[in-house]
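Work through the following exercises with the sequence and the model side by side. Try each task before reading its solution.

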Amino acid sequence: MSWKHLFVPTLTESGKPQGHHRLAYTDWGDPKNEHVVVCVHGLTRNCRDFDFLAAALQQDFRVICIDMVGRGRSDWLQRPLDYNSPLVYLSDVENMLRHVHTEAPGRMQLYWVGVSMGGLIGMMLAARPHLPVDFNALVISDIGPFIPTWILRRFADFVGKDPRFDSLDQMKNYMKSISMSCGDLSDAQWHHLAKYGARDHADGTVGFRYDPAISISFQPDVAQDIDLWPHWDRLALPTLVLRGEKSDLLPPAMAGEMQLRGPRANVVELPGIGHAPMLMDSREIGLIRNFLLKFKSHS
């Protein structure tokens with residue numbers, strides 16, 4: 001695995017370029033492998049969430065795990081309102097795909113793995129025409145094509161608060177207290193999430209490695225329903241959806257509708273888990289690896 005970064009144009013909410021920003025990412029496996037898995041994390045997370053999955057996939061795929069803008073080691077946007085624009089994220093990903101494509105000898109074969117927000121980006125990307133790659137398969141962890149405003153406003157309660165901690169262990173314990181719904185992770189896995197999700201501050205405290213301004217999307221005067229059903233209905237590629245049994249972001253009725261519309265997804269329910277499965281568990285990793293390998297053989 002190696003750390004890399006790419007400078008990409010910064011799009012404003014209106015879609016006009018204004019300067020550049022840095023996208024950080026990890027690169028796993030053979031850089032000449034044209035079969036590329038792109039992994040994108042959830043709202044406040046970062047690319048190192050995928051270390052366990054990427055390690056299991058790198059023998060068969062090149063794996064690119066991106067820190068989306070405002071998260072991880074990527075730059076923060078100067079205009080917070082731009083975090084609310086899907087065009088910003090889609091532009092960043094498409095620039096990344098073009099860059100990665102130049103490093104492979106043949107036409108790039110894309111496989112997408114997205115957790116929560118990363119799943120939404122994957123839905124929108126897969127529905128876009130004229131991609132410079134072959135989009136072979138989509139994996140989504142616990143998100144659907146519709147999110148009502150009342151759920152989005154719930155995120156504003158914690159995303160923009162920027163808590164500080166005296167130590168990494170204190171931060172880890174806080175993460176465990178608010179994220180137990182993600183699954184039965186080991187202490188080593190919680191430490192991993194805390195270590196790579198932490199930012200050291202000048203006063204010696206530790207905080208989260210994301211821009212608190214991303215909460216702009218959930219403020220009462222900005223938040224509105226996210227309705228991606230038109231995108232979903234345009235999809236015609238193999239799709240695996242992992243649903244946490246206790247999740248309210250992807251309720252059973254919506255998961256059932258996702259099986260009947262668009263790509264007619266294969267939905268696997270994970271018992272005892274809420275939002276969102278972190279894809280660190282051996283079963284979750286096995287489900288994803290077997291799914292992707294099946295469609296790699298057909299491409």
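**Exercise 1. The first strands**

In what sense do strand β1 (residues 2-11) and strand β2 (residues 17-28) pair, and over how many bridges?

Solution. First, the ground rules. This is a predicted model, in which local features need pLDDT of at least 70 and side-chain atom pairs count only at pLDDT 80 or more, while totals for chains, interfaces and linings use all residues. Residues are numbered from 1 along each chain as its sequence is written, and side-chain values use heavy atoms, with hydrogens and water left out.

Step 1. Strands are DSSP runs of E with at least two residues, helices are runs of H or I with at least four, and both are numbered from the N terminus. Two strands pair if DSSP finds at least two bridges between them.

Step 2. β1 and β2 are antiparallel, with nine bridges. Phe7 has Arg22 in β2 as its bridge partner.

Step 3. The two strands form a hairpin with five residues between them. In the turn, Gly15 has a positive phi of about 95°.

Step 4. Now follow β2 onward. It is joined to strand β4 (residues 62-67) by five bridges, and these strands run antiparallel. Thr26 stands opposite Cys65 in β4.

**Exercise 2. A covered strand and its crossover**

Place β12 among its partners, and give the hand of the crossover that leaves it.

Solution. Step 1. Check the cover. Six of the six residues of β12 are buried (under 20% relative accessible area; exposed is over 50%, partly exposed in between; 1.4 Å probe, protein chains only).

Step 2. Split the strand by face. In a regular strand the side chains alternate between the two faces of the sheet. One side of β12 carries Thr239, Val241 and Arg243, the other Leu240, Leu242 and Gly244, and all are buried.

Step 3. Find the partners. Strand β6 (residues 134-141) pairs with β12 in the parallel sense over four bridges. Ile140 is bridged to Val241 in β12. β12 also pairs with β13, again in the parallel sense, over five bridges. There, Gly244 has Leu270 of β13 as bridge partner.

Step 4. Trace the chain. It crosses from β12 through α8 to β13, and this β-α-β crossover is right-handed (clockwise from the first strand over the helix to the second, with the strands pointing away from the viewer).

**Exercise 3. Two sides of a helix**

Which residues of helix α8 (residues 252-260) are buried, and why do they lie on the same side?

Solution. Step 1. Met254, Ala255 and Met258 are buried.

Step 2. They share a side of α8 because they cover an arc of only 100° around the axis (taken from the directions from the helix axis to the C-beta atoms). An α-helix has 3.6 residues a turn, so residues three or four places apart point the same way.

Step 3. Turn to the face away from the buried side. It carries the exposed residues Pro252, Ala253 and Leu260.

Step 4. List the packing partners. The buried residues of α8 pack against β7 (146-147), α7 (229-234), β12 (239-244) and β13 (266-270).

Step 5. Look past the helix end. Gly262 follows α8, and its phi is positive, near 60°.

Step 6. Inspect Phe146 in strand β7. Phe146 is partly exposed, at 25% relative accessible area. Beyond its neighbours within four places in sequence, Phe146 is in contact (heavy atoms within 4.5 Å) with Asp225, Ile226, Asp227, Trp229 and Met254.

**Exercise 4. An aromatic pair**

What is the geometry of the pair formed by Phe165 and Phe208?

Solution. Step 1. Rings of Phe, Tyr and Trp (its six-membered ring) pair if their centres lie within 6.5 Å; planes under 30 degrees apart count as stacked, over 60 as edge-to-face and the rest as tilted. By this rule there are seven aromatic pairs.

Step 2. Phe165 and Phe208 are edge-to-face, at 6.0 Å centre to centre and 90° between the planes.

Step 3. Phe165 lies in strand β8 (residues 164-165) and Phe208 in strand β10 (residues 206-208), so the pair ties together parts 43 residues apart in sequence.

Step 4. Both Phe165 and Phe208 are buried. Phe165, Tyr174, Phe208 and Tyr210 form one aromatic cluster.
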